[in-house]
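Student: I would like to learn how to read the features of a protein model. Can we go through one together?

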Amino acid sequence: METLACGHAAPIAGLSCVHLLENEDAGYYIRFTGKGSSMDLLCEDCSRISHPGQAHRPICGDCQQSTMGRIFDIIGVIGRPESRARATNLRFEHREHAFPSLAGRKPLAVAALGASSWLAVDAEGTLLRLDFNEDTPEQLGSVSLTSIDFAAPLALHVSPCARFAAVVHQHGSIGVVVDLSTGAVTMRLDRGSYHTEHCDFSVAFFRDAERTLLVHATAWNRLDLSDPATGALLSTRERPPRGEPNQPIPAHELDYFHCGLTVSPNDEWLVDDGWVWHPVGILTSLSLGRWVRENVWESEDGPSRRRLREIPYHWDGPRCFVGPRILATWGFGSDADMLIDAALFHDVSTGKLLRWFPGPRGAFECDGNLLLASAVDTGTAVWDIETGEKLHEDATLKPAAWHPVSRRFLTVLPQGGLRESTLSGTAW
């Protein structure tokens, strides 16, 4: 294989002008060629040239991604990538159901529960199990006597074992954990009030061997581990006191706002979509196993912690795992104001961007080798994760939740009632 201008014998990923190859700190433009996600990297002078010339050299994917990692050096984007589609017979089949006892009690939040049911919390704080094969919801608990403000946006999280649920103010300070087997409130959650309005409440359940554990924010810059059955804290650690202004930051001190959390399908990795001042969104990952069993400081500065991407003014964006270690995130670009609809795939164990393709927008979910992207204005589109092609789109499907076990969407209908949507057909 021929050695490229970047010095590596590897497949060509695109072109770079020689001025960027000679000056690794220079600002640059990204220019899309109009053929898929193919792009060239150009200095400001070369960006004014409409076609590649003698100053443009082929480079490999690793060097292209390394340059793109200098997000603050990106001057602008020229053109747009090409989004591709493939004809299939895929379609969504819909099934509507009206629960008579829910008349006038529209769910405030819903989440997948167990193998095929749904959990909902209503405006009275009642936790209800919803099954489309039954007419009457089953009450599993209530948070009506807690300090939850039901007028504020709520988020509902359910443990993989289906025993526990967390109800939290999505952009607030507090929440509770409920044991669905008894209806008892087992934990009160409080992450403080410092800039909570800017980010999702950090809370997620995961399995550690035979135990179900909870990771949750207890301050803007601190995550903790707890036993949701008892509320027992499992990550006790004391930070050294902060010194005077302009003094060195104490060991393990983290100037990072924890935000929305995502756990990998095998419960080995945690992804945190947080931010730091100025502000810059910094998507990070860490090993849950190391945190639980080896290093109580893993969530602050442990060796497994990786930075996946950095984008000014962008955090808590669409994301989902598409494999045990591969995370899909939305948005290609270097600033919130210039992000292009796209899916990017990172290895959370290394932090490396593996590949990306243009087109997907909205909330992400994974169904095998398919990426499902749902937006409030365009509905739900189905994408082939391997080829980057759009396979189907349903403009009417604007779901509230996804069930990863039964592989169904749930939509709360405007006129009342609920609708389940299942993808059928073949991708080939």
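Student: What percentage of the residues in the protein is buried?

Tutor: This is a predicted model. Of its 428 residues, 54% are buried. A residue counts as buried when its relative accessible area is under 20%.

Student: How many helices and strands are there in the protein?

Tutor: The protein has four helices and 33 strands. Its radius of gyration is 23 Å, close to the 22 Å that the globule rule gives for 428 residues, so the protein is as compact as a globular protein of that length. Along the principal axes, the C-alpha atoms fill a box of roughly 70 × 65 × 35 Å.

Student: What do the contacts say about sequence separation?

Tutor: Take the contacts between residues at least 6 apart in sequence: 52% of them join residues at least 24 apart.

Student: And what about the surface and the charges?

Tutor: The protein exposes about 19300 Å², and carbon and sulfur atoms supply 50% of that area. There are 38 positive and 54 negative charges, and the mean positions of the two sets are 3 Å apart.

Student: How is a pair of aromatic rings described?

Tutor: By the distance of the centres and the angle of the planes. The structure holds 15 aromatic pairs. In one of them, the ring centres of Phe 92 and Phe 409 are 6.2 Å apart and the planes are at 55°, so the pair is tilted. The pair links distant parts of the chain, with Phe 92 in strand β7 and Phe 409 in strand β32, 317 residues apart.

Student: Are Phe 92 and Phe 409 buried or exposed?

Tutor: Phe 92 has 8% relative accessibility and therefore counts as buried. Phe 409, at 2%, counts as buried too.

Student: Which pair is stacked?

Tutor: Phe 257 and Trp 275 are one such pair: the ring centres are 3.9 Å apart and the planes are at 5°, so the pair is stacked. Phe 257 belongs to strand β19 and Trp 275 to strand β20, 18 residues apart. Phe 257 is buried at 2% relative accessibility, and Trp 275 is buried with a relative accessible area of 2%. Both residues belong to an aromatic cluster that Tyr 194, Trp 220, Trp 277 and Trp 315 complete.

Student: What should I look for in the backbone?

Tutor: Start from the usual case: most residues other than glycine have a negative phi, and most peptide bonds are trans. Here the peptide bond from His 278 to Pro 279 is cis, with omega near 10°. Pro 279 sits in the loop between β20 and β21.

Student: Which residues other than glycine have a positive phi?

Tutor: Ala 209 is one of them, with phi near 60°. Ala 209 lies in the loop between β16 and β17 and is exposed, with a relative accessible area of 67%. Phi of Arg 407 is also near 60°. Arg 407 is found in the loop between β31 and β32, and its relative accessible area of 47% makes it partly exposed.

Student: How would I read a single loop residue such as Ser 147?

Tutor: Begin with its place, then its exposure and its neighbours. Ser 147 lies in the loop between β11 and β12. At 54% relative accessibility, Ser 147 counts as exposed. Leaving out residues up to four places away in sequence, Ser 147 touches His 169, Ile 174 and Arg 188. Ser 406 is 259 residues from Ser 147 along the chain, and their C-alpha atoms are separated by 33 Å.

How values were computed
Residues numbered from 1 in each chain as written. Predicted model: local features only at pLDDT ≥ 70, side-chain atom pairs only at ≥ 80, totals over all residues. Heavy atoms only, no water. Helix = DSSP H or I, 4+ residues; strand = E, 2+ residues; numbered from the N terminus. Rg over C-alpha atoms; globule rule 2.2 N^0.38 Å. Buried < 20%, exposed > 50% of the residue type's maximum accessible area, 1.4 Å probe, protein only. Contact = heavy atoms within 4.5 Å. Areas by Shrake-Rupley, 256 points an atom, 1.4 Å probe, with all protein chains shown as cover. Lys, Arg positive; Asp, Glu negative; His and termini not counted. Charge placed at Lys NZ, Arg CZ, Asp CG, Glu CD. Phe/Tyr/Trp six-rings, centres within 6.5 Å; stacked < 30°, edge-to-face > 60°.
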